[in-house]
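Trainee: I would like a close look at a single helix pair in this model. Please describe how its two members are arranged and what lies between them.

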Amino acid sequence: MLQFTPLSAPYVAEQSSAHAEHPRALAYLLEIDNARILLDCGAPEDLCFEATSVKCERTELQGTLPEILQTIGSTIDVVLLAHAEMAHMGLYAYAYTHYGLQCPVYATLPVQAMGRLQMLDIVRGWSNEVDRTSEASTRCLPTEAQVDEAFEAIRTVRYLQPTPLEGKCAGLVLTAYNAGHTLGGTVWKLRSPSVGTLVMALDWNHHRERHLDGTALVSVGAAAPLAHTVGRPDVFITGVERGQRTNARRKDRDAALLEQVHRTLTGGHSVLIPVDSAARMLEVLVLLDQHWAYAYQHQRFPLCLVSHTGQEVVERARTFMEWMSREWAIQLLDASDKQRARRTKSQALTKSPLDFPGVRYFTSVEALHQALSASQVKVVLATPAAITHGLARQLLPDFLCDPDALLAMIDCGPRGSLLRTLFDRWNATQSDPLAWRTGHIGTAATLGGTITYEMRRRVPLAGDELRAYHERKQAEAQAQAQRVKVAPRQREADADEMDDEEDGSSSDSSMDEDNDGELLAHRRLMSTRDIAPDAMNTKESTEISFDIYLRGHASRDAGQHYRMFPAAERKRRVDGYGEAIDTARWLARRRRLEAEQEEQLDPERFRRAAAQQARTKAQATAPSEVPSKYTTDTLHAAVRCRAIYVDLQGLYDGRALTTLIPQLQPRRVILVNGDATTFAEMRTTLSKYELYMPSLGETVTVGGLVDSYSVRLGDTLMSQLRWRQMEEYQVVHVHVAPDFAGDADTPTLMPVHDAATLHAAQAPSTLYVGDLRLSALKAYLAREHRIRADFAGEGVMICTDKQGDRPVRVAKQADGRIVIEGNVSMNLVRVRQAIYHLVAQVNQ
């Protein structure tokens with residue numbers, strides 16, 4: 001049995017409106033038998049979650065996504081991350097640290113690497129604008145160390161790599177397929193003995209792009225050989241957020257964007273393109289770099305990437321060429337082979353399509369202004385895409401005031417963001433406000449008016465604030481030093497006092513006086529701990545504080561000389577059996593031996609621990625931060641620049657969705673991320689399928705294919721079984737009856753040979769298990785028997801021998817029944833044997 005619950009969705013049914021739009025943060029809970037699987041763990045770009053008025057039937061799933069994960073985080077068994085985008089993994093690092101989400105996490109290698117860089121860019125951007133300590137209750141902002149630790153724990157998988165799950169998920173097999181849209185984007189396929197095959201495709205792209213191939217779901221192009229591996233799933237989960245959109249052709253989108261960029265640059269003005277930190281930034285860079293190589297060969301116009309992790313993203317992406325377009329991989333292999341065949345000293349190394357010779361990288365706005373003047377004509381790609389914070393928000397005022405500058409938007413942004421405000425104004429200037437949803441591209445227009453937004457900064461302290469900061473830090477350091485100085489003396493005094501009590505021996509009177517004086521000095525020393533730090537330097541404080549233990553009654557002002565330097569004699573600890581053993585030394589040795597054994601058994605865990613120690617050491621040796629404070633200014637800016645919107649998100653549309661689902665032929669379909677209008681349209685279009693459309697917090701239950709029971713196979717039965725291979729399983733056909741003899745709750749299956757019982761059960765003697773594909777039958781006949789087979793219609797194939805005589809007709813009916821027609825001949829026998837070979841034949 002499968003239970004599916006959306007924990008967060010872009011459209012939420014509110015009381016005030018039918019479906020209110022919320023920032024996109026995706027998270028879904030799958031419950032298969034006793035296993036809990038979290039599909040994605042996203043967050044908005046501002047890392048803040050809005051409360052909703054949705055009432056959930058299950059109390060543990062009530063509230064915002066952070067509140068839900070705080071409740072059920074420790075009960076999650078597996079987490080699956082599909083894309084390196086904030087909407088898919090923005091909350092993962094914070095939940096890993098604060099909510100106990102430390103179960104096995106699976107993602108492809110590019111998603112792990114690019115997702116980490118994406119989160120580091122977001123964290124560094126917000127750390128320069130807000131105080132984490134004051135906003136910890138409202139903003140789920142992790143530290144850089146927490147991001148590194150969380151993404152280091154991800155278990156990476158490759159495409160087409162079956163991965164058996166462990167623990168409560170034992171028996172489930174996970175496989176990743178290409179989804180397009182982002183580098184390493186994943187369509188997850190999960191095989192369950194009780195539910196069947198689940199295919200989870202939330203964001204995917206059916207078209208091939210410049211650096212990525214289309215998804216493996218489609219049956220055309222480079223993904224055609226993989227389409228049958230995900231076809232006919234028992235449950236297909238996909239999003240319909242773009243179900244009412246029609247994408248424009250890629251040729252038209254690229255031409256519209258490049259035309260406006262070229263017109264602005266040749267007119268002597270600059271262009272600003274807000275992009276994300278990793279996912280879609282590569283496609284925009286490849287597009288602009290190819291245009292620069294063709295139109296601006298002399299590099300007259302700088303192409304700038306302003307991002308905290310931009311250069312590292314590009315360098316890391318060059319190591320994932322096998323995950324990108326097949327054409328790129330083939331070109332690089334061919335170029336490498338030719339270069340090795342005729343290599344000379346004058347030949348250059350093979351160039352990667354991601355070299356980007358015309359791109360200049362900057363990690364701050366100040367670095368950009370120092371390298372290029374404000375009047376310099378340039379194209380700037382700045383992060384983040386929604387302009388909620390960071391470098392793009394800091395650069396925006398320079399472009400808004402220029403009437404001829406261009407703001408190119410590749411996304412409309414989430415509701416409430418600054419990018420959505422600008423997009424709405426641009427859309428209001430268009431003659432047809434819905435043109436961008438119906439396959440058309442709008443025109444560039446001047447926005448006009450004014451906008452009001454906040455500009456948050458972290459500025460260094462100066463003047464009286466800096467002086468007060470240093471005085472406070474100095475007082476804290478003195479207090480800490482005094483505590484450190486007192487602590488070991490107190491421990492020594494306590495140890496000596498305990499030894500004296502254990503010995504039980506009395507001392508002479510002079511020794512008692514010395515001990516009394518030492519105890520008095522110790523008490524005086526301890527009394528200094530209650531003094532305020534600011535009073536530590538006063539005369540009164542120095543009169544009662546001592547650097548050493550004193551014997552007898554003394555004062556610094558008395559001018560007395562002491563008889564000897566005081567020394568505390570260490571006494572050996574003894575018990576009833578003699579000298580006590582130092583257990584701490586043996587425990588330390590035991591911990592060291594256990595660590596060596598863990599390193600041999602689990603080298604991956606030891607590697608993560610070593611990486612954590614290296615990060616801790618690097619943080620300890622890192623230079624201290626400049627004293628600073630956080631300020632917030634409200635800006636009122638006049639919008640004089642031109643703007644244009646071109647959809648470069650690389651996602652599916654409604655036409656692709658309604659075409660793909662019939663091709664996959666799923667038994668059940670779960671649609672998510674849609675509003676009421678989209679769900680109503682999909683219900684009409686896909687009426688012949690068993691549809692589930694859960695809203696936020698609603699749990700839908702999808703029945704399994706079979707009922708699962710725990711039984712015991714007897715020795716008599718096991719000796720008679722003949723197992724048959726069917727894909728990844730071993731199947732057998734048996735006639736049995738349960739035997740509840742004994743005290744055990746689990747019944748034992750015993751074979752049944754009674755003819756009357758078998759006849760009453762109407763049990764067939766032979767079963768054929770599997771789905772016969774006519775294309776696979778055609779290939780098998782040609783390879784093994786050299787029989788020619790041609791399709792003669794939908795579901796019909798004609799097989800002939802070498803002479804073209806004695807044809808055999810093979811028809812596959814709608815209910816899966818295979819019908820073979822033909823004269824009695826060897827051709828008929830070979831075709832029937834081939835069909836038996838391609839399915840699992842189990843006999844009683």
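Mentor: In this predicted model, helix α22 (residues 774-784) and helix α23 (residues 826-838) have axes that come within 10 Å and cross at roughly 120 degrees. That makes α22 oblique to α23, since angles under 35 degrees count as roughly parallel, over 145 as roughly antiparallel, 65 to 115 as roughly perpendicular and the rest as oblique. The axes are lines fitted to C-alpha atoms, for helices over the stretch in contact, with angles from 0 to 180 degrees between N-to-C directions. Helices are DSSP runs (H or I, at least four residues), numbered from the N terminus, as are strands (E, at least two).

As for the interface, A776, L777, Y780 and L781 in α22 are in contact with R830, V831, A834, I835, H837 and L838 in α23, contact meaning heavy atoms within 4.5 Å. By class, these residues comprise eight nonpolar, one polar and one charged; Ala, Val, Leu, Ile, Met, Phe, Trp, Tyr, Cys and Pro count as nonpolar, Asp, Glu, Lys and Arg as charged, and the others, Gly among them, as polar.

The pair belongs to a protein with 23 helices and 38 strands. Of its 844 residues, 45% are buried, that is, under 20% relative accessible area (1.4 Å probe, protein chains only). Among contacts with a separation of 6 or more, 71% join residues 24 or more positions apart.

Residues are numbered from 1 along each chain as its sequence is written. Because the model is predicted, local features need pLDDT of at least 70 and side-chain atom pairs count only at pLDDT 80 or more, whereas totals for chains, interfaces and linings use all residues, and side-chain values use heavy atoms, leaving out hydrogens and water.

Definitions and conventions. Buried means under 20% relative accessible area, exposed over 50%, partly exposed in between (1.4 Å probe, protein chains only).
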